[in-house]
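Thanks for sharing this one with me. Here are a few friendly notes to read with the structure open beside you.

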Amino acid sequence: MSTLSATSADYYCVVDQNGAIVYMSKLFLSEMKTQPPSVFYINPEFSMMTWKKLWNEVQELGHKKINCQIQLEIDEMDCSKVFLFKLDQDLCLYVILDAFKKNSKNTITPQTVAHEQYDSDKVKIYSYDINTNNAVAYLNENGKIIFMNEGMKKHLNDEQGNIKVDDLFLETDLGPVMPSFIKLGEDPKEAVLQMIMKSPKEGFIKGYLRLTFHDTRQAPARYRIEFYGENSIALYGEPVQNALLKYEKLAEDVVSQKEQLVEEAIENFKFEDIITQSKAYKDILAQVAQVADTTSTVLILGETGTGKELLCNSIYKLSDRSDKILVKVNCGSIPAELIESMLFGHEKGAFTGADKQKIGKFELADQGTIFLDEIGELPLALQARLLRVLQEGEIERIGNANTIKVDVRVIAATNRDLQKMVTEGTFRSDLYYRLNVFPIYNIPLRERKEDIPLLIKHFLSKTNKKTGRNVINISKKDFGFLTRYHYPGNIRELENIIERGVILSKDDTIDLQFLHKAGKITSEEEDTFVSFDEMQKRYIMKVLKATKGKVSGEGSASEILEINNKTLFSRMRKLGIDPKQF
């Protein structure tokens, strides 16, 4: 079994609402040999109904993760990570992040069909071409039709057979078709040509012919054609001319912007439980994205209340084990004498009070993931046993010398300084290095203050649902405090403040008087660091408040600040200060 794409997003294509592939990446194309016209070629199990359902979900949610099989030229791939991302109302991005070729005799291959009325040779045909209502035919190198589907046959007389493409189609200048086919060669791999169908039943039908060049190894099928009339519903949901324009644009833009496009789309999918607009925090989420689909041990570091468990949840949801169990253990909340039994289990009679066998958390998490929160609180005597699990994947229940093999992905978290504990001898160095394979430092709230307004809104909504209140407003003074406060308890402290304020509120404005009484709210001159622009903004606003918004003239802000009034106006515009508010 060989991996097609382990962690990269180099295998992708752009698809429209009817499943037509309007662009395919070079690496994906190298596997397909010839660009297929639609997703129904690479996903044989898809029906139009299935695709429409997926399309509607992507349009509504912006993304969709699917498990499916990808059909290559001769191989089948199992894909556990295929993502669909909305690009606009007409297009979506189809990205394969992980796929494995199956070297099996039972791989799905194009159906092999013999058509006696055309040729004795067998022709490889995909199910889409057999089942679609569109007019599809396969030609040999001389233009002889060696297969046509029911959609093509409906335009012909029942007795008509052994025909060539020139018998059916004319160029728009009434010339034969085959010279144009031969002239095109194989570069590009496909083309769209204006054509006229000579239908014995319907007369002359003006429309478009999509021509695909088959790999010569699939002889005798040299060309694939698909026709639709100019006045009928477009084959791929939009006029071909527009599709070609989009193709040309995407061929230039998608390649250059692909990494950014995929990164942003996947990022939006991954962290829907995490509220942030902070660049610093998005850098942390990028680390989560990098390690999620591996089996590596992750150590999440950070102060209390920063949301380390949320990062664990994101890693789990995006991992290959997301369909298996996630077991969470808080090492700091379990008494030292019970934690060994909790983690590794025990046999009946192993110690006083062990009246029955108990399965430990590691055994319960077999094939899944375990989250060891507050790992720094784990007793030194138990650290060797945890090290054995990480190194050997083995545990022993208390009272049983038999070894039990477990396959568990470990995510640990702590607010302690483990390196300092190693120096002090309270944490094993070998365990520390085993845990520290991929450390992620979760920054405190004071380093992502641009997220505070979003979090206030979120916690107000959450608490309103919880309490049945309708508190939706906050005073300017209290909002200013909440955005300046340093939050030693981080996000958890902010959530508690909002919840208490909502409970104490008598109307639709949150009541934070308890913070004033507790002395937490201080003047704006509290000992916090701000940018130079912010400091200027605050001081200019303070002066404007004193002058009641007067910028120029006697007793004005420009006079007090001893700067030219035009310079002050310019500075105010840059800082976003409106004098009318004073």
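1. A starting point in the sheet: T414 in β22 is the bridge partner of L301. Please keep in mind throughout that this is a predicted model. L301 belongs to strand β15 (residues 298-301), which pairs with β22 in the parallel sense over four bridges. Another position to look at here is L299, which stands opposite A412 in β22.

2. Now turn to the other neighbour of β22. Strand β19 (residues 369-373) runs parallel to β22, and four bridges join the two. Here I370 has V410 of β22 as its bridge partner.

3. Stepping back, which strands make up the sheet, and in what order? It is an open sheet of five strands with parallel pairing, and the order reads β16-β19-β22-β15-β23. The edges are β16 (326-330) and β23 (438-441), each of which pairs on one side only. On average, neighbouring strands of this sheet are turned by 15° against each other, direction ignored.

4. Why can β22 be called largely enclosed by the rest of the structure? Six of the six residues of this strand (residues 409-414) are buried, so the description follows. With buried meaning under 20% relative accessible area, you can check each position yourself. R409, I411 and A413 point one way from β22, while V410, A412 and T414 point the other way, and all are buried. As background, side chains in a regular strand alternate between the two faces of the sheet. You may like to colour the two sets separately when you look at R409, a buried member of the first set.

5. Next come the helices. Two packed helices are described by the angle between their axes and the distance between the axes. For helix α9 (residues 279-292) and helix α10 (residues 308-318), the angle is about 40° and the axes are 9 Å apart. Their crossing is right-handed.

6. What does the contact of α9 with α10 consist of? From α9 come Y281, I284, L285, V288, V291 and A292, and these meet L311, S314, I315 and L318 in α10. By class, the residues of this contact divide into nine nonpolar, one polar and no charged.

7. To close, a reminder of the strand to keep in view: β22 has β15 as a parallel partner, and β19 is joined to β22 in parallel as well.

Key: Residues are numbered from 1 along each chain as its sequence is written. This is a predicted model: local features need pLDDT of at least 70, side-chain atom pairs count only at pLDDT 80 or more; totals for chains, interfaces and linings use all residues. Side-chain values use heavy atoms; hydrogens and water are left out. Axes are lines fitted to C-alpha atoms, for helices over the stretch in contact, and angles run from 0 to 180 degrees between N-to-C directions. A crossing is left-handed if the near helix is turned anticlockwise from the far one by less than a right angle, and right-handed if clockwise. Contact means heavy atoms within 4.5 Å. Ala, Val, Leu, Ile, Met, Phe, Trp, Tyr, Cys and Pro count as nonpolar, Asp, Glu, Lys and Arg as charged, and the others, Gly among them, as polar. Buried means under 20% relative accessible area, exposed over 50%, partly exposed in between (1.4 Å probe, protein chains only). Two strands pair if DSSP finds at least two bridges between them.
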